[in-house]
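Reader: I have the coordinates open and would like the terms set against the numbers. Please take them one at a time.

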Protein chains: 2
Amino acid sequence: MTAPLHEAHPAGPGRALPNTQQGMRRRNLARVMHTVSAEGPLSRAAVASHIGLTRAAVSTLVDELIRSGLLEELGPERPGRVGRPGSALAVSGHGPAGIGAEVGVDHLAVCAVDLRGEVRSRAVRHGANRGRAPEPVIEELIELLRRVLAEAEREGLWPAGLAVAVPGLVARDARTVVRAPNLDWRDTDLGPLLPVDFPLTVGNEANFGALAELWLGEGTPRDFLHVSAEIGIGAAVVVDGGLLHGTRGFAGELGHVPVQPDGPECPCGGRGCLEQYAGEEAVLRAAGLESDEDRVGLLAGRAAEGDEDVRRALRDAGTALGVALTGAVNLLDPESVVLGGALAGLAPWLLPSLEAELDRRTAGPACPVSVSRLGPEGPLLGAAHSVVRAVLDDPVAVAERA
Amino acid sequence: MTAPLHEAHPAGPGRALPNTQQGMRRRNLARVMHTVSAEGPLSRAAVASHIGLTRAAVSTLVDELIRSGLLEELGPERPGRVGRPGSALAVSGHGPAGIGAEVGVDHLAVCAVDLRGEVRSRAVRHGANRGRAPEPVIEELIELLRRVLAEAEREGLWPAGLAVAVPGLVARDARTVVRAPNLDWRDTDLGPLLPVDFPLTVGNEANFGALAELWLGEGTPRDFLHVSAEIGIGAAVVVDGGLLHGTRGFAGELGHVPVQPDGPECPCGGRGCLEQYAGEEAVLRAAGLESDEDRVGLLAGRAAEGDEDVRRALRDAGTALGVALTGAVNLLDPESVVLGGALAGLAPWLLPSLEAELDRRTAGPACPVSVSRLGPEGPLLGAAHSVVRAVLDDPVAVAERA
DNA sequence: ACTATTTCGTCATGGCGGTTTACAAATTAG
DNA sequence: CTAATTTGTAAACCGCCATGACGAAATAGT
């Protein structure tokens with residue numbers, strides 16, 4: 001029963017809808033949902049002027065959305081302006097919810113987000129998953145999922161879809177994990193393991209983090225490069241408000257960009273890949289540390305304490321990141337680079353050398369580098385919100401399933 | 001009078017059209033044009049089944065396109081199939097034409113392409129333009145343009161737009177050349193210099209070359225990386241059948257991707273940029289040659305003769321290209337890499353080391369590298385065809401101008 | 001307090017676009 | 001020569017949005 005959510009989450013409302021009158025209607029319904037969702041409570045008239053339709057047309061659209069339970073009438077607004085006050089519309093806090101899940105190296109998490117974007121339920125379970133087989137891990141995830149779904153149902157929500165963030169490469173079918181080095185999973189189709197009766201999507205953790213940044217970050221542009229790191233270093237390329245997936249779904253493998261063509265060998269077969277300089281393992285080694293749990297926290301702690309070895313290791317990692325990012329920036333000309341995931345916590349010590357390297361190597365104004373506010377929350381929120389966006393992108397599709 | 005052609009040539013038909021009934025109509029007109037253009041002569045019924053409309057609907061669409069002179073009725077087709085034969089429709093060979101122009105380092109060229117994709121007129125003028133001011137060069141280009149337009153008019157064609165390919169960075173407004181090192185142009189707006197009474201677009205030569213590959217190449221995928229080189233090394237990133245422009249329009253600057261972080265200094269401010277290893281100047285120097293004209297031809301000639309110095313220089317350049325492309329391929333996961341422009345002619349000596357490097361550094365199946373058939377013709381054809389595509393993408397817009 | 005003005009939401013009407021249904025025309029199969 | 005099949009078109013219909021008019025509900029002015 002696991003139908004794919006529309007793959008490669010389209011940027012705008014309803015990209016794939018047919019070019020017929022019904023398709024037009026569905027696109028307009030989506031535009032209403034997006035407008036109300038983005039611009040807060042709005043009257044029908046305000047929505048109409050936002051999207052360029054007449055009040056009459058918006059009325060019929062809103063009626064349909066209210067009947068479907070996707071919009072709610074909040075009642076008359078009381079503005080100081082002249083004229084009859086409008087009736088405020090808001091996205092419904094009941095009805096469909098986006099379920100996000102995350103399989104991390106040392107934790108599992110599930111959450112439910114309503115159409116308003118609020119997290120209404122969540123469950124987390126800590127514990128190292130490194131090297132565990134997929135089945136028991138997913139078994140535990142399902143337990144969390146059950147709890148979240150139960151609580152969501154008590155709040156009047158029903159699941160519109162499930163998106164799972166995984167620390168590894170995911171095939172374009174958005175179902176099978178091709179390679180997850182931290183977990184030691186290879187070519188495992190999560191579809192059969194997660195028998196849910198709503199659409200399932202599996203995606204790369206870094207990609208979901210980037211989407212969270214795009215949708216939840218403040219002032220985030222529509223074209224940027226989102227860099228995050230767990231063990232591998234993943235980048236997500238966001239172009240015109242949409243993710244760049246690549247042919248096989250493997251785009252964004254920043255970790256294996258050559259930084260020093262005759263540097264140390266890398267398991268990927270190359271030499272001097274970024275991961276050999278800025279990967280978690282490499283940085284720990286350079287700092288003279290060893291640990292099996294919360295390695296990022298360890299690094300951040302030592303660096304904050306003033307440990308010169310750790311700081312040097314992070315400086316060098318920043319320089320290597322700067323070299324790799326110079327290539328990426330030259331190739332993509334993004335509006336900015338955002339450091340997310342584990343890198344966000346280490347930013348204070350990475351940024352100076354990273355920016356110095358990037359500035360030095362770029363002619364003209366350098367590409368600004370910023371740090372994500374979301375940090376480690378990004379992937380989970382991005383996953384849940386991807387489902388919410390899918391609902392906003394095609395409201396009738398979910399209304400039919402209600 | 002120079003209105004911008006729709007910027008950032010959209011992939012599909014009429015992306016920017018409003019979501020109204022007229023917009024729907026225009027999109028369907030575009031779909032008919034695209035189908036007839038791509039699938040050769042087709043009956044109304046065949047078009048209908050291709051795009052999923054009814055025969056009746058297609059009939060009215062075709063009527064309108066024929067009245068506008070964009071489609072032609074070729075007469076009844078004689079198939080061996082049962083049933084009444086359809087009336088073959090073809091894109092008109094008269095009416096609107098796309099005008100392409102190219103400002104090269106040592107030549108100027110202009111051509112006119114009809115909606116069928118045939119080159120109906122062309123004019124070329126050889127002569128070094130290096131270091132000449134924009135005004136006299138454009139003056140000469142206008143002379144060629146006048147000749148091409150005159151011949152096109154004799155053939156019953158009228159210009160639907162002009163696209164100019166320039167060897168340099170072009171701003172997002174598609175009018176001003178920000179930097180063209182070979183010509184020594186900086187921040188020159190070609191709009192005032194080219195006062196034509198139809199839409200004008202200025203674009204990067206490498207980008208137009210990539211578009212030519214996309215539209216004219218056989219078996220070219222919708223996601224690929226097109227690498228070309230004149231003096232600088234430009235790459236064009238094609239994603240889902242559309243060019244990736246970047247925020248400022250500077251995407252694809254492969255020449256300044258770091259290949260050896262502490263290599264020789266580069267005018268861009270960096271060190272060890274690809275251009276320092278695989279740029280024209282660098283290769284000539286490594287080969288111990290010097291020349292002011294047709295430097296690529298010189299290299300190819302010597303390499304073909306068996307000159308070991310030249311071959312070694314090209315091998316090394318290929319290796320450097322391989323390193324830079326490894327980074328790009330990891331980041332973008334394209335379906336293939338295409339070598340175009342000057343690189344196409346040098347491919348026999350570049351490819352082996354390039355592919356070896358790329359294979360070695362990539363885990364799993366390597367990204368296939370191919371060579372463009374179009375070679376130096378690419379940019380000019382791509383420019384002209386970009387105008388033709390714009391007409392196919394929104395037929396009514398040009399019909400109104402007829 | 002009362003009227004004029006402004007804005008909101010809705011209804012009836014109409015135009016536009018594609019579908020459905022029906023039919024004549026043109027070909028092949030038997 | 002008839003039956004079957006396919007094409008192109010015309011007429012009626014339906015869905016969707018625009019237009020214009022109206023009542024409702026607020027403010028502004030006298």
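Reader: How many Å separate the centres of domain 1 of chain A and domain 3 of chain A?

Author: This is a predicted model. In it, the two centres, taken over C-alpha atoms, are 43 Å apart. Domain 1 covers 21-91 and domain 3 covers 219-372, while domain 2 is made of two segments, 95-210 and 379-401.

Reader: What makes the pairing of A:Gln21 with DNA strand C a polar contact?

Author: A polar contact is a pair of N or O atoms within 3.5 Å. A polar side-chain atom of A:Gln21 is 2.7 Å from a base nitrogen of the strand, so the pair meets the cut-off. B:Gln21 also has a polar side-chain atom at 2.7 Å, here from a base oxygen of DNA strand C. For B:Asn28 the partner is a phosphate oxygen, at 2.8 Å. Two or more residues of the surface near the strand come from each of helix H2 (44-51) and helix H3 (55-67) of chain A, and from each of helix H1 (21-38) and helix H3 (55-67) of chain B. H1(B) gives the largest share, 4 residues.

Reader: Which residues come nearest to DNA strand C?

Author: There are 27 residues around the strand, and A:Gln21, A:Ser59, A:Ser87, B:Gln21 and B:Arg25 come nearest. On the DNA side, 64% of the strand's atoms that come within 4 Å of the protein belong to sugar and phosphate. Sorted by class, the protein surface there holds 10 nonpolar, 10 polar and 7 charged residues.

Reader: Why is the relation between chain B and chain A called a two-fold axis?

Author: Chain B superposes on chain A by a rotation of 180° with 0.1 Å of shift along the axis, at an RMSD of 0.1 Å. Therefore the relation is that of a two-fold axis. The contact surface agrees: 100% of the contact residues of chain B recur in chain A, and the same surface serves both copies.

Reader: Which residue of chain B comes closest to the rotation axis?

Author: B:Gln260, whose C-alpha lies 2.9 Å from the axis.

Reader: How many residues of chain B are in contact with chain A, and what area is buried?

Author: In chain B, 47 residues are in contact with 48 residues of chain A. About 4000 Å² is buried between the two chains, with 52% of it on carbon and sulfur atoms. B:Asn19, B:Leu331 and B:Asp333 supply 19% of the area that chain B buries against chain A, more than any other three residues.

Key: Residues are numbered from 1 along each chain as its sequence is written. Chains are lettered from A and ligands numbered from 1 in the order in which they are written. This is a predicted model: local features need pLDDT of at least 70, side-chain atom pairs count only at pLDDT 80 or more; totals for chains, interfaces and linings use all residues. Side-chain values use heavy atoms; hydrogens and water are left out. Domain bounds come from an automatic or database domain assignment. A residue is near a molecule or strand if one of its heavy atoms lies within 4 Å of it. A polar contact is a pair of N or O atoms within 3.5 Å; within protein, one must be able to donate a hydrogen and the other to accept it, and residues adjacent in sequence count only if both atoms are side-chain atoms. Ala, Val, Leu, Ile, Met, Phe, Trp, Tyr, Cys and Pro count as nonpolar, Asp, Glu, Lys and Arg as charged, and the others, Gly among them, as polar. Copies are superposed by least squares on the C-alpha atoms of residues with pLDDT of at least 70 in both. Contact means heavy atoms within 4.5 Å. Buried area is the accessible area (1.4 Å probe) that two parts lose on being put together, summed over both.
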